[in-house]
Amino acid sequence: MRGKVIVLADGPAVLLRVPALLNGLRAAGLSVTVASSESANIFMPPLAYAALSGRASLSLSALSDEQLGEADLVMAVPASLQLLDLLSGEDWEGRLQALKRPLLIAPALLPTDMQPGFLDELAARLGSRFALVRPSAAAEPLGALGALCVASVEQCLEAALTALTPPDCRDMRLLITAGPTAEDADPARYVTNRSTGRMGVALALKAARRGAKVLLIHGPMTWPVPPHAGIECCAVRSAQQMYEAVMVRLSEHNAAILCAAVADYRPVAYSREKIKKGQESTFSLLLQRTPDILAAVGALPSRPFLVGFAAETNEVEANAREKLYRKGCDMLCANDISEAGSGFAVATNRVTVHFRDGGCQELPMQSKLDVADAILDLMLARWQSAR
Ligand code: CTP
């Protein structure tokens, strides 16, 4: 992502967030400049901001209208109450009008300020020229200085990346399934697969940054879901629970991507007591089929635009096209999980997208985040023309 970001820094709260925030913004490809107040400079000297951002820092009091106007995003993270007063005061009224986007504010509040209604009042006072990243309720220790409530680095980064991403999916209410499911045999054992949920999380994150309202229904994942205001998470465990959650919530959505690696079979019986080993050297666990969620959604008389996935090891194209039609999808993303760098538990993926109306598009091997963007591009074009 390209863009110029100015981070306004004030007070001791800079110690809590600024280094990780600058690293994260730079890792996203953004060019970052810090404008620090005198009180921020007591806790972190200007040279530290320069070292972390790779650009000479500015003085908050000397920040010019021209510098602000050139920035694609200005963010006050974390913002002390003094900085909030300054930014919402008369001196900044005209400057805010000239910004390309609402100024992103993540207040750093004393636990005693976190009274019910305080943040709503603050949001109302700040108005539409600001975008508020709400602090987490739990106070974070700041050494001998006490403790502060402030949004996490991930939340602040996501808010910044979302503000800088064109909201071309804003009309999408997107249901995504992700991760494996776990089918319990007894209190200690279960049947599952190698999925970590990473592809589904990448799809949820990219869609939310592009303005979609996302419901992520996921099994027990080893890949974390970053906090994003546009993503609602619904954790389930088994295929049956995932099926029920999808069926209950489906009608609220106008698009669905089912990419969970749902277990195809579950133990016929669940033993409440741990199954003890016997004398025999072999052991059989009788399994029964789980519901096929994608096929069930595809068979509904009225369903959202539907994208499925196919994990294959052989005859990838033929199997993918057969699954696309049998499960009633509009699009199906096929990946060869036997290929190095593609499939489960890796950062990259190579998928070929097959379309119901014929044809396919091969995508290159790339990060799962980039695969997600490419799938959303292909989906958006067809989803819009199908509406
Ligand atoms: N799927 C599903 N419910 C299931 C099994 C699969 O919703 N019980 C969905 C997956 O989320 C994916 C698609 O169906 O979008 C294909 O999954 P895949 O594991 O490739 O195929 P299966 O249908 O399980 O067939 P097989 O394992 O025989 O290849």
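**Exercise 1.** Which residues in α9 meet which residues in α13? Find them in this predicted model, and then describe how the two helices are arranged.

*Solution.* Begin with the residues themselves: in α9 they are Arg198, Met199, Ala202, Leu203, Leu205, Lys206 and Ala207, and in α13 they meet Lys368, Leu369, Val371, Ala372, Asp373, Ile375 and Leu376. Sorted by character, the residues of this contact comprise 10 nonpolar, no polar and 4 charged. Next, turn to the axes, where α9 and α13 (residues 368-386) come within 8 Å and cross at roughly 60°. The two helices are therefore oblique to each other, and α9 passes α13 in a right-handed crossing.

**Exercise 2.** Determine how α8 and α9 are oriented to each other, and identify the residues that make their contact.

*Solution.* The axes of α8 (residues 153-164) and α9 (residues 198-209) come within 8 Å, with a crossing angle of roughly 55°. Because angles from 35 to 65 degrees fall among those counted as oblique, α8 and α9 are oblique to each other. On the α8 side the contact is made by Glu158, Leu161 and Thr162, and on the α9 side by Leu205, Ala208 and Arg209; these residues divide into 3 nonpolar, 1 polar and 2 charged.

**Exercise 3.** Describe the surroundings of the ligand, moving from the residues to single atoms.

*Solution.* The ligand is surrounded by 16 residues, of which the closest are Leu258, Ala260, Leu294, Lys323 and Lys327. At the level of atoms, a side-chain N or O atom of Lys323 is 2.7 Å from an oxygen atom of the ligand. A backbone N or O atom of Ala311 lies 2.9 Å from a ligand oxygen atom, while a backbone N or O atom of Ile293 lies 3.0 Å from a ligand nitrogen atom.

Conventions:
Residues are numbered from 1 along each chain as its sequence is written. This is a predicted model: local features need pLDDT of at least 70, side-chain atom pairs count only at pLDDT 80 or more; totals for chains, interfaces and linings use all residues. Side-chain values use heavy atoms; hydrogens and water are left out. Axes are lines fitted to C-alpha atoms, for helices over the stretch in contact, and angles run from 0 to 180 degrees between N-to-C directions. Helices (H or I, at least four residues) and strands (E, at least two) are DSSP runs, numbered from the N terminus. Angles under 35 degrees count as roughly parallel, over 145 as roughly antiparallel, 65 to 115 as roughly perpendicular and the rest as oblique. Contact means heavy atoms within 4.5 Å. Ala, Val, Leu, Ile, Met, Phe, Trp, Tyr, Cys and Pro count as nonpolar, Asp, Glu, Lys and Arg as charged, and the others, Gly among them, as polar. A crossing is left-handed if the near helix is turned anticlockwise from the far one by less than a right angle, and right-handed if clockwise. A residue is near a molecule or strand if one of its heavy atoms lies within 4 Å of it. A polar contact is a pair of N or O atoms within 3.5 Å; within protein, one must be able to donate a hydrogen and the other to accept it, and residues adjacent in sequence count only if both atoms are side-chain atoms.
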